[in-house]
Amino acid sequence: MTHGLMRTIVLSATLTLPLSGLAAEQLNVLCASDNDWCELMRNTFQKESGIEVSMVRKSAGEIFAQIRAEASNPKTDIWWAGTGDPHLQAANAGFTEVYQSPQLAKLHPWAQEQAKISGYRTVGVYMGLLGVGYNPEVLKARKLTPPKCWSDLTKPEFAGEIQISNPNSSGTAYTAMATFVQLYGENEGFAFMKALGNNVSQYTKSGSAPAKALARGETAIGITFLHDLLKETMAGMPVEVLAPCEGTGFEIGSMSIVKGARNLENAKKFYEFALRADIQSLGVKANALQVPSNASADIPPKAPRPESVKLINYDFAKYGSDDVRKRLLKRWDEEIFAAQRK
């Protein structure tokens with residue numbers, strides 16, 4: 001994963017030159033969180049370190065594609081946030097650096113495990129839970145009953161009422177696809193996604209776009225992470241959230257240093273900065289409701305808690321494999337996306 005506006009937002013700081021005439025230290029970051037959290041991280045790090053940060057916000061799938069395309073001539077130093085599967089896929093493909101933080105022991109076991117299975121080429125920075133949101137006003141106007149389970153979303157009465165993102169660009173949607181495959185089995189999972197597709201009005205580019213469309217009343221139901229849905233609820237929008245009755249998947253939002261980073265030492269400084277408890281505790285200022293990976297960080301009061309949701313035993317090693325990702329995306333394109341376009 002992760003999340004954000006459908007268009008790419010460039011966040012950059014004006015380059016300043018010290019009196020010596022030498023160029024200021026720099027860092028190039030790709031961010032896959034929401035724009036507000038990206039800006040908060042950039043501004044806080046820049047103020048603390050004095051390092052000039054150029055940051056670009058994209059969906060996790062887009063970032064992985066960019067890092068793959070630029071592998072022979074990297075233009076990015078560090079990739080922060082977004083669902084862990086594409087981070088693991090980049091690690092398996094050798095596109096990211098091996099780095100073991102001295103802060104690893106301070107992280108929750110799930111974040112340490114993310115680092116371990118990647119060969120220490122990525123690390124967990126937060127956890128987010130996949131779920132469903134609905135707009136009660138839209139459902140009432142359509143005389144529809146709110147869903148409670150994944151299976152409810154395939155009912156004919158929800159035709160044209162659902163939005164979910166495209167797993168080719170969105171880490172959120174890849175997490176959803178991998179969740180359905182693990183929940184039902186691969187063939188049954190694709191049969192479910194095909195039935196679901198009959199009710200999907202739009203496969204969005206960004207993982208959090210369905211939450212925003214839901215808040216605006218443009219769709220009745222959205223599939224995305226619970227923290228993105230709750231962010232809209234906190235803003236006073238008519239959005240209700242649920243964790244489906246069958247169980248659901250989750251993300252381990254991650255961070256990776258790009259192989260061949262031009263500003264490697266600065267990338268390591270940002271890496272350590274981003275794992276600190278005090279920095280992770282700042283996320284709530286950007287209405288980021290994920291569970292932080294540092295065990296000493298403050299959990300936002302309204303964050304969805306893993307212990308309160310029925311979670312599947314998500315196989316990050318398998319679905320973080322580049323080969324598995326390519327195969328599943330090819331099958332999704334051929335069986336799900338192609339069917340909608342007919």
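**Exercise 1. Work out whether Tyr120 is buried, partly exposed or exposed, and then look at its backbone.**

Let's go step by step.
- Tyr120 has a relative accessible area of 25%. Buried would need a value under 20%, and exposed a value over 50%. So Tyr120 is partly exposed.
- Where does Tyr120 sit? You'll find it in the loop between helix H4 (109-117) and strand E5 (123-134).
- Now the backbone: in this predicted model, the phi of Tyr120 is positive, about 65°, although Tyr120 is not a glycine.
- Why notice that? Most residues other than glycine have a negative phi.

**Exercise 2. Do the same for Lys143: find its place, its phi and its exposure.**

- Lys143 belongs to the loop between helix H5 (136-142) and strand E6 (162-165).
- Its phi is near 60°, again a positive value in a residue other than glycine.
- With a relative accessible area of 78%, Lys143 is exposed, because the cut-off for that class is over 50%.

**Exercise 3. Describe how helices H1 and H10 meet.**

- Start with the axes. Those of H1 (residues 35-49) and H10 (residues 264-275) come within 11 Å and cross at roughly 115°.
- That angle makes H1 roughly perpendicular to H10, since the class covers 65 to 115 degrees.
- Which hand does the crossing have? The crossing of H1 and H10 is right-handed.
- Next, the residues. From H1 come Met41, Thr44, Phe45 and Glu48, and they meet Asn266, Lys269, Phe270, Phe273 and Ala274 of H10.
- Sort them by class and this contact has 5 nonpolar, 2 polar and 2 charged residues.

**Exercise 4. Find out what surrounds Gln290.**

- Gln290 lies in the loop between helix H11 (277-280) and strand E11 (291-292).
- Is Gln290 buried or exposed? Its relative accessible area is 5%, so Gln290 is buried.
- Leave out residues up to four places away in sequence, and Gln290 touches Trp37, Tyr126, Met127, His227, Pro300 and Ala303.
- Take His227 from that list: a polar contact of 3.3 Å joins its side chain to that of Gln290.

**Exercise 5. Place Ala191, then compare its separation from Ser54 in sequence and in space.**

- Ala191 is part of helix H7 (residues 186-197).
- Its relative accessibility is 47%, so Ala191 counts as partly exposed.
- Along the sequence, Ala191 and Ser54 are 137 residues apart. In space, going from C-alpha to C-alpha, they are 43 Å apart.

Terms used: Residues numbered from 1 in each chain as written. Predicted model: local features only at pLDDT ≥ 70, side-chain atom pairs only at ≥ 80, totals over all residues. Heavy atoms only, no water. Axes fitted to C-alpha atoms, helices over the stretch in contact; angles between N-to-C directions. Helix = DSSP H or I, 4+ residues; strand = E, 2+ residues; numbered from the N terminus. Parallel < 35°, antiparallel > 145°, perpendicular 65-115°, else oblique. Left-handed = near helix turned anticlockwise from the far one by under 90°. Contact = heavy atoms within 4.5 Å. Nonpolar A, V, L, I, M, F, W, Y, C, P; charged D, E, K, R; others polar. Buried < 20%, exposed > 50% of the residue type's maximum accessible area, 1.4 Å probe, protein only. Polar contact = N/O pair within 3.5 Å; in protein donor to acceptor, adjacent residues only side chain to side chain.
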